[in-house]
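Below are some notes on the model, set out as numbered points. Please read them with the structure open.

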Amino acid sequence: MHAAFINGLLAVKQMRGRGWIKALRQDEARQVRARIAELERDLMATSPQGRNRRHETGHQLRSAKFHLERLEECIAEIPEKPEGSH
């Protein structure tokens with residue numbers, strides 16, 4: 001096996017648990033924020049879009065914002081360290 005692959009496996013093993021899940025959710029939230037920014041740019045673009053296209057973009061934007069809100073709530077509920085540890 002390649003050393004980089006083995007090092008990657010070791011890194012994943014060390015990140016398991018709450019910290020690993022929180023990192024996954026934070027990464028997902030970053031991706032959703034990027035998608036929201038892209039959709040907002042699409043809506044504000046001066047290029048003529050059909051009514052159906054704007055409607056679909058608006059729907060995707062509302063959905064992405066809702067998803068981001070749920071992710072942020074989830075992230076906020078995941079403690080940094082288990083209670084009682086120092």
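1. Arg-30 has a relative accessibility of 49% and so counts as partly exposed, the limit for exposed being over 50%. This value, like the others here, is computed from a predicted model. The side chain of Arg-30 meets that of Asp-27 in a salt bridge, with 3.7 Å from N to O. Asp-27 is likewise partly exposed, because its relative accessibility is 35%. Both residues belong to helix α2, which covers residues 18-44; they are three residues apart, which means a separation of about one helical turn.

2. Which residue does Arg-33 form a salt bridge with? The partner is Glu-72, and the closest N and O atoms are 3.1 Å apart. Arg-33 sits in helix α2 and Glu-72 in helix α3 (residues 51-77), so this salt bridge ties together parts of the chain 39 residues apart in sequence. Arg-33 is partly exposed at 38% relative accessibility, and Glu-72 is partly exposed at 37%.

3. A salt bridge also joins Glu-40 and Lys-65, whose closest N and O atoms are 3.5 Å apart. Here again distant parts of the chain are linked: Glu-40 is in helix α2 and Lys-65 in helix α3, 25 residues apart. With a relative accessible area of 31%, Glu-40 is partly exposed. Lys-65, at 41% relative accessibility, falls in the partly exposed class.

4. The count of salt bridges comes to eight. Glu-69, Arg-70 and Glu-73 are linked in a network of such bridges. As general background, side chains of opposite charge can pair when their charged atoms come close.

5. How far apart are the end C-alpha atoms of α2? They are 39 Å apart. The 27 residues of α2 should span 39 Å at 1.5 Å a residue, so the expected span and the distance in the model agree.

6. Which residues of α2 are buried? They are Lys-22, Ala-29, Val-32, Ile-36 and Leu-39. Buried here means under 20% relative accessible area. The cover over these buried residues of α2 includes α3. Helix α3 is also where Glu-72, the salt-bridge partner of Arg-33, is found.

7. On the surface, Trp-20, Ile-21 and Leu-24 form a nonpolar patch, with about 250 Å² of accessible area together. Leu-24 is part of helix α2. Its relative accessible area is 40%, so Leu-24 is classed as partly exposed.

8. For the chain as a whole, there are three helices and zero strands. Along the sequence the pattern reads α-α-α. The protein chain has 86 residues, and 16% of them are buried.

9. What share of the contacts with a separation of 6 or more comes from residues 24 or more positions apart? The share is 67%. The salt bridge between Glu-40 and Lys-65 links residues 25 positions apart, and the one between Arg-33 and Glu-72 links parts 39 residues apart.

10. The accessible surface of the protein chain comes to about 7,100 Å². Carbon and sulfur atoms account for 56% of that surface.

Key
Residues are numbered from 1 along each chain as its sequence is written. This is a predicted model: local features need pLDDT of at least 70, side-chain atom pairs count only at pLDDT 80 or more; totals for chains, interfaces and linings use all residues. Side-chain values use heavy atoms; hydrogens and water are left out. A salt bridge is a side-chain nitrogen of Lys or Arg within 4 Å of a carboxyl oxygen of Asp or Glu. Helices (H or I, at least four residues) and strands (E, at least two) are DSSP runs, numbered from the N terminus. Buried means under 20% relative accessible area, exposed over 50%, partly exposed in between (1.4 Å probe, protein chains only). The expected span of a helix is 1.5 Å times one less than its number of residues. Contact means heavy atoms within 4.5 Å. Patches are made of residues with over 30% relative accessible area and no salt bridge: like charges are joined within 9 Å, nonpolar side chains (Val, Leu, Ile, Met, Phe, Trp, Tyr) within 5 Å. Accessible areas come from the Shrake-Rupley method with a 1.4 Å probe; for residues, only the protein chains shown count as cover.
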